[in-house]
Amino acid sequence: MYQVLRITLDDALPILAAGAAKAAEVGVKQTLCVCDDGGNVVALHRLPGARITGVEISMAKAYTAAGHERATHLFNEPPNGPALPGNEAFGISHMLPGKFATFVGGFPLVHEGQVVGGIGISGGNGAQDKAVGAAMLAGFESVVAAAR
């Protein structure tokens, strides 16, 4: 038996706030999602004016990052991205239609070597989604530091 760490709404809110602040700074209307270790949405924030499609996309990115314990863009990063044509996981996104994202904007939340959740960012270009993701990860680290 082992101890399972789990992210809560109280943990997720400062992560969303960090992402929203960075999105405002870079001038992009995004949807931000935080999920737990099972890929279940803990909190979601669709910023004013963000596209409605961003809701499902951000949830899929968070789910994928938590479930596969890696940033989503790594699936398609040349030359060895596992989801690239000819590689071992090509077509993996078809296994869980609508839930599995293999493009930039999903990042796992790791605490003490254990994935406790994931974040998903949708609405910007790749660089913007990564920048907001980095801010959200920094927000997560602040939550962890405050809990010590």
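These are my notes on a sheet, its helices, a buried lysine and a pocket in a predicted model.

**Ground rules.** I count residues from 1 along each chain as its sequence is written, and local features need pLDDT of at least 70, side-chain atom pairs pLDDT 80 or more, while totals for chains, interfaces and linings use all residues. Side-chain values rest on heavy atoms, with hydrogens and water left out.

**The sheet.** I looked up the strand order first. Four strands form an open sheet, β2-β1-β4-β3, with antiparallel pairing. Its edge strands are β2 and β3 (106–111), each pairing on one side only. On average, neighbouring strands here are turned by 15° against each other, direction ignored. Strands are DSSP runs of E with at least two residues, helices are runs of H or I with at least four, and both are numbered from the N terminus. Two strands pair if DSSP finds at least two bridges between them.

**The hairpin.** I then took β1 (residues 31–36) and β2 (residues 41–46), which pair over five bridges. C33 stands opposite L44 in β2. Four residues separate the two strands of this hairpin, and G39 in the turn has a positive phi of about 80°.

**The helices.** I checked what crosses the strands. Helix α1 (residues 9–26) lies across β1, β2, β3 and β4 (114–122), at about 25° to β2. Helix α3 (residues 126–147) lies across β1, β3 and β4, at about 15° to β3. Angles run from 0 to 180 degrees between N-to-C directions, with axes fitted to C-alpha atoms, for helices over the stretch in contact.

**K61.** I found K61 in helix α2 (residues 53–68). K61 counts as buried because its relative accessibility is 2%, and buried means under 20% (1.4 Å probe, protein chains only). Leaving out residues up to four places away in sequence, K61 touches several others, including T72, F103, I119 and D129. Contact means heavy atoms within 4.5 Å.

**The largest pocket.** A pocket is an open set of points on a 1 Å grid over the protein atoms alone, where a 1.4 Å probe fits, with protein on both sides within 12 Å along at least five of seven lines; lining residues have an atom within 4 Å of a point. I noted about 190 Å³ of space in the largest one, a volume filled by probe spheres set on the points. Its lining includes R6, D11, H111 and F140. Helix α3 gives the most to that lining, with four residues.

Technical notes
Buried means under 20% relative accessible area, exposed over 50%, partly exposed in between (1.4 Å probe, protein chains only).
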